[in-house]
Amino acid sequence: MMKEIAPDSAHVVTPSRGRAPGSSRVEWRVIDIPRGVSRSDTRSMLTEKAEYGRWELARSQILYGGARRVWLRRRVMRVQRTDAA
């Protein structure tokens, strides 16, 4: 019998290759989703991240063994101070 894994237990990996410079306008997050997480749980987790964290799906990949890897991106809002500090 397979052990149920909560969608919140997905392992988040920070991208180490091809890191954008500090002036980049896009922020990336790579998420590894274990094999035991159902498609509906994955969909609801990604929908929640898109809705509340303003992430959008850039790429998804199914790995050997059934695990999924998902790349999310969002625009970085750089705000400049308007007061004279």
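Reader: I clicked on Arg69 to start; how does Arg69 count at its relative accessibility?

Author: This is a predicted model, where local features need pLDDT of at least 70, side-chain atom pairs count only at pLDDT 80 or more, and totals for chains, interfaces and linings use all residues. Residues are numbered from 1 along each chain as its sequence is written, and side-chain values use heavy atoms, with hydrogens and water left out. The cut-offs are under 20% relative accessible area for buried, over 50% for exposed and partly exposed in between, using a 1.4 Å probe and protein chains only. Arg69 has 28% relative accessibility, so the label is partly exposed.

Reader: Which residue forms a salt bridge with Arg69?

Author: A salt bridge here is a side-chain nitrogen of Lys or Arg within 4 Å of a carboxyl oxygen of Asp or Glu. For Arg69, the closest N and O atoms are 2.6 Å apart, and the partner is Asp32. Arg69 sits in strand β4 and its partner in strand β2, so the pair ties together parts 37 residues apart in sequence. With 17% relative accessibility, the buried partner is Asp32.

Reader: And which residue does Arg73 form a salt bridge with?

Author: The closest N and O atoms of that pair, Arg73 and Glu56, are 2.7 Å apart. The two link distant parts of the chain, since Arg73 is in strand β4 and Glu56 in strand β3, 17 residues apart. Arg73 is partly exposed at 32%, and at 42% so is its partner, Glu56.

Reader: How many salt bridges does a search of the whole structure find?

Author: Another one joins Arg81 and Asp83, with the closest N and O atoms 3.2 Å apart. There, Arg81 is exposed at 63%, while Asp83 is partly exposed at 48%. Searching the whole structure gives a total of 4.

Reader: In what order do the elements of the protein chain run?

Author: Helices (H or I, at least four residues) and strands (E, at least two) are DSSP runs, numbered from the N terminus. The chain has 1 helix and 4 strands. Starting at the N terminus, the order is β-β-α-β-β.

Reader: How far apart are the end C-alpha atoms of helix α1?

Author: The expected span is 1.5 Å times one less than the number of residues. Helix α1 has 15 residues, 39-53, so that gives 21 Å. The model agrees, with the ends apart by 20 Å.

Reader: Within what arc do the buried residues of α1 fall?

Author: The buried ones in α1 are Thr42, Met45, Leu46 and Gly53. Looking down the axis, they line one face of the helix, because the arc, taken from the directions from the helix axis to the C-beta atoms, is within 90°.

Reader: Which exposed residues are on the face of α1 turned away from its buried side?

Author: The buried residues of α1 have cover that includes β2 (26-33) and β4 (68-75). On the face turned away, you'll find exposed Arg43, Glu48, Glu51 and Tyr52.

Reader: How many bridges join β2 to β4?

Author: Two strands pair if DSSP finds at least two bridges between them. In β4, Arg68 is the bridge partner of Ile33. β2 and β4 run antiparallel, and their bridge count is 8.

Reader: What about β3 and β4: how many bridges join them?

Author: Their hairpin has 5 residues between the strands, with Gly65 taking a positive phi near 95°. One bridge partnership is Ser60 with Val70 in β4. Strand β3 (residues 56-62) runs antiparallel to β4, and the bridges number 6.

Terms used:
Contact = heavy atoms within 4.5 Å.
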